[in-house]
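Trainee: Could you take me through one part of this model closely, namely the packing of one pair of helices and the open and closed spaces around it?

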Amino acid sequence: MSIALPLHLLAAVIWVGGMFFAYVCLRPVAATVFEPPHRLQLWAHVFVKFFTWVWAAVITLIVTGHGMIALYGGFGSIGKHVHIMLGIGYIMFLLFAHLYFAPFKRLKTAVEAADWAVAGNNLNQIRKIVGINLVLGLVTVVVASAGRYLL
């Protein structure tokens with residue numbers, strides 16, 4: 001537990017914090033500072049770096065989360081808040097996997113081909129999915145930290 005919990009928390013902070021930074025801070029600035037070709041190139045390169053970390057975070061969250069559930073005695077021994085956290089986490093993972101293998105893949109291809117209209121459409125899809133995942137991630141943080149007192 002002394003290893004699993006800190007790794008779990010760090011992975012969540014990296015993923016949710018990264019989404020918060022990208023969505024709330026970088027996105028509005030990039031939209032006002034850069035013309036579409038440069039903005040789309042920036043996002044394609046930023047996502048390559050960030051999504052590497054997200055994959056590491058997702059794997060860490062799944063392994064440590066299930067490991068901690070096992071240490072607590074299994075699914076029958078954990079609170080509702082952990083079940084909710086797990087469910088939201090898997091929804092977030094599925095949304096991220098879709099984002100990674102569909103619009104992100106198309107974004108990279110369109111940027112390489114300098115097809116800015118297609119790249120922009122895919123960036124918009126990514127923005128929507130990241131927005132949903134950010135809300136889900138913030139809800140998960142609340143459920144994880146205060147859920148046993150709320151439920």
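Mentor: What follows looks at one helix pair and then at the pockets and the cavity.

The model is a predicted one, and its protein chain has four helices and zero strands, which read along the sequence as α-α-α-α. Along the principal axes, the C-alpha trace spans about 55 × 25 × 20 Å.

The pair to examine is helix α2, residues 36-71, with helix α4, residues 116-150, which pack at an angle of about 50° with their axes 10 Å apart. Angles that are neither under 35 degrees, nor over 145, nor from 65 to 115 count as oblique, and α2 and α4 are therefore oblique to each other. The crossing of these two helices is left-handed. On the α2 side the contact is made by Pro37, Leu40, Gln41, Trp43 and Phe47, which meet Trp116, Ala119, Gly120, Leu123 and Ile126 of α4. By class, the residues of this contact comprise eight nonpolar and two polar, with no charged residue.

Some residues of that contact reappear in the second largest pocket, whose volume is about 210 Å³. Of the 14 residues lining this pocket, Arg27, Trp43, Phe47, Leu123 and Arg127 are the closest to its centre, and Trp43 and Phe47 in α2 as well as Leu123 in α4 belong to the helix contact already described. Helices α1, α2 and α4 each supply at least two residues of the lining. The lining holds 10 nonpolar, one polar and three charged residues, whereas the contact of α2 with α4 has no charged residue.

The enclosed space comes next. The count comes to one cavity of 30 Å³ or more, and about 60 Å³ of space lies in the largest cavity. Its lining consists of Trp15, Met19, Phe50, Phe51, Phe96, Leu99, Ile129, Val130 and Asn133. Each of α1 (4-33), α2, α3 (80-112) and α4 supplies at least two of these residues, with α4 giving the most, three residues. Eight of the lining residues are nonpolar, one is polar and none is charged.

Finally, the largest pocket has a volume of about 890 Å³ and is lined by 33 residues, among which His8, Met68, Val82, Met85 and Ala144 lie nearest its centre. Here too α1, α2, α3 and α4 each supply at least two lining residues, but the largest share, eight residues, comes from α3. The lining of the largest pocket divides into 22 nonpolar, 10 polar and one charged.

Definitions and conventions:
Residues numbered from 1 in each chain as written. Predicted model: local features only at pLDDT ≥ 70, side-chain atom pairs only at ≥ 80, totals over all residues. Heavy atoms only, no water. Axes fitted to C-alpha atoms, helices over the stretch in contact; angles between N-to-C directions. Left-handed = near helix turned anticlockwise from the far one by under 90°. Contact = heavy atoms within 4.5 Å. Nonpolar A, V, L, I, M, F, W, Y, C, P; charged D, E, K, R; others polar. 1 Å grid on protein atoms, 1.4 Å probe; cavity = no way out; pocket = protein on both sides within 12 Å on 5 of 7 lines; lining within 4 Å. Points joined across faces, edges and corners; volume = space filled by probe spheres on them.
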